[in-house]
Amino acid sequence: MLMPVTAVFAAVTAVLLLFLSAQVSRYRLKYRQGLGVNDDREFEVAVRAQANLVEYAPMALILMAVGELNGVNAQWIYWVGMAFVGGRVAHAYGMFNGHGGPHMARLAGILLTWLSLLVMAILVVWNVIQVQP
């Protein structure tokens, strides 16, 4: 079965991951450091911004795919997907502009991320309950 909605958000998330990975690679080349980070705070911020996306993206995409496969309305998946991607972009922006410290975009990003995960989880469970005889 095709999952066009999830496919769109997987592709957008992949592009965001490539962007964040390029930031990490820039520092790895600059310092010739293959593992870990050094005392450069911006290097650590780049690594954590990338890792944070990697930590949240799989669950979000799995929930979207499971929802799409189980008949959750595509409009709901699009809205949740946009909230997730928007949250991840805002979080990354806040990480880089707040230098790893507090930043309103970072806070908004994590709240959007958490909200999108929660809403998608509820939609998946709700749909399964509605389909059961």
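This is a short walk through the structure shown above, from its overall layout to a few single residues. Keep in mind that the model is predicted.

Let us start with the whole chain. The protein chain holds four helices and zero strands, and reading along the sequence gives the pattern α-α-α-α. If you trace the C-alpha atoms, they span about 60 × 30 × 20 Å along the principal axes. Of the 133 residues in the chain, 40% are buried. The accessible surface comes to about 7800 Å², and carbon and sulfur atoms account for 71% of that surface. Contacts across the sequence are also worth a look: among those with a separation of 6 or more, 68% join residues 24 or more positions apart.

Now let us look inside. The largest nonpolar core has 25 residues, and F9, L20, M64, I77, F84 and M120 are the ones with the most contacts inside it. Each of the helices α1, α2, α3 and α4 supplies at least two residues of this core, with the largest share, nine residues, coming from α2. There is also a second, separate core of five residues, which includes V24, Y27, F43 and A46.

Helix α4 makes a good next stop. This helix covers residues 104–131, which is 28 residues, and it reaches 40 Å from its first C-alpha to its last, close to the 40 Å expected at 1.5 Å a residue. Its buried residues are A105, G109, I110, T113, S116, L117, M120, L123, V124 and N127. What covers these buried residues of α4 includes helix α2, residues 41–69, and helix α3. You may recognise M120 from the list of residues with the most contacts inside the largest core. Leaving aside its neighbours within four places in sequence, M120 is in contact with L63, M64, G67, V72, I77 and V80. Two of these partners, M64 and I77, were named together with M120 in that core list.

From α4 we can move over to α1, where Q23 is found. Q23 has a relative accessible area of 16%, so it counts as buried, the cut-off being under 20%. Beyond its neighbours within four places in sequence, Q23 is in contact with A46 and F96. A46 is a residue we have met already, as one of the members of the second core.

Let us turn to the outside. On the surface, V8, V12, Y78, W79 and M82 form a nonpolar patch, with about 490 Å² of accessible area together. The elements giving two or more residues to this patch are α1, residues 4–31, and α3, residues 74–97. Helix α3 provides the largest share of the patch, three residues. One member to look at is V12, which sits in helix α1. Its relative accessible area is 38%, and V12 is therefore partly exposed, a class that lies between the 20% and 50% limits.

Our last stop is the start of the chain. M1 lies in the segment before α1. Is M1 buried or exposed? With 79% relative accessibility, M1 counts as exposed, because exposed means over 50%. M1 also has a distant partner in sequence to look for: E68 is 67 residues away along the chain, yet the two are 9.8 Å apart in space, C-alpha to C-alpha.

Methods
Residues are numbered from 1 along each chain as its sequence is written. This is a predicted model: local features need pLDDT of at least 70, side-chain atom pairs count only at pLDDT 80 or more; totals for chains, interfaces and linings use all residues. Side-chain values use heavy atoms; hydrogens and water are left out. Patches are made of residues with over 30% relative accessible area and no salt bridge: like charges are joined within 9 Å, nonpolar side chains (Val, Leu, Ile, Met, Phe, Trp, Tyr) within 5 Å. Accessible areas come from the Shrake-Rupley method with a 1.4 Å probe; for residues, only the protein chains shown count as cover. A salt bridge is a side-chain nitrogen of Lys or Arg within 4 Å of a carboxyl oxygen of Asp or Glu. Buried means under 20% relative accessible area, exposed over 50%, partly exposed in between (1.4 Å probe, protein chains only). The expected span of a helix is 1.5 Å times one less than its number of residues. Contact means heavy atoms within 4.5 Å. A nonpolar core is a set of buried Ala, Val, Leu, Ile, Met, Phe, Trp, Tyr and Cys residues joined through side-chain atoms within 4.5 Å.
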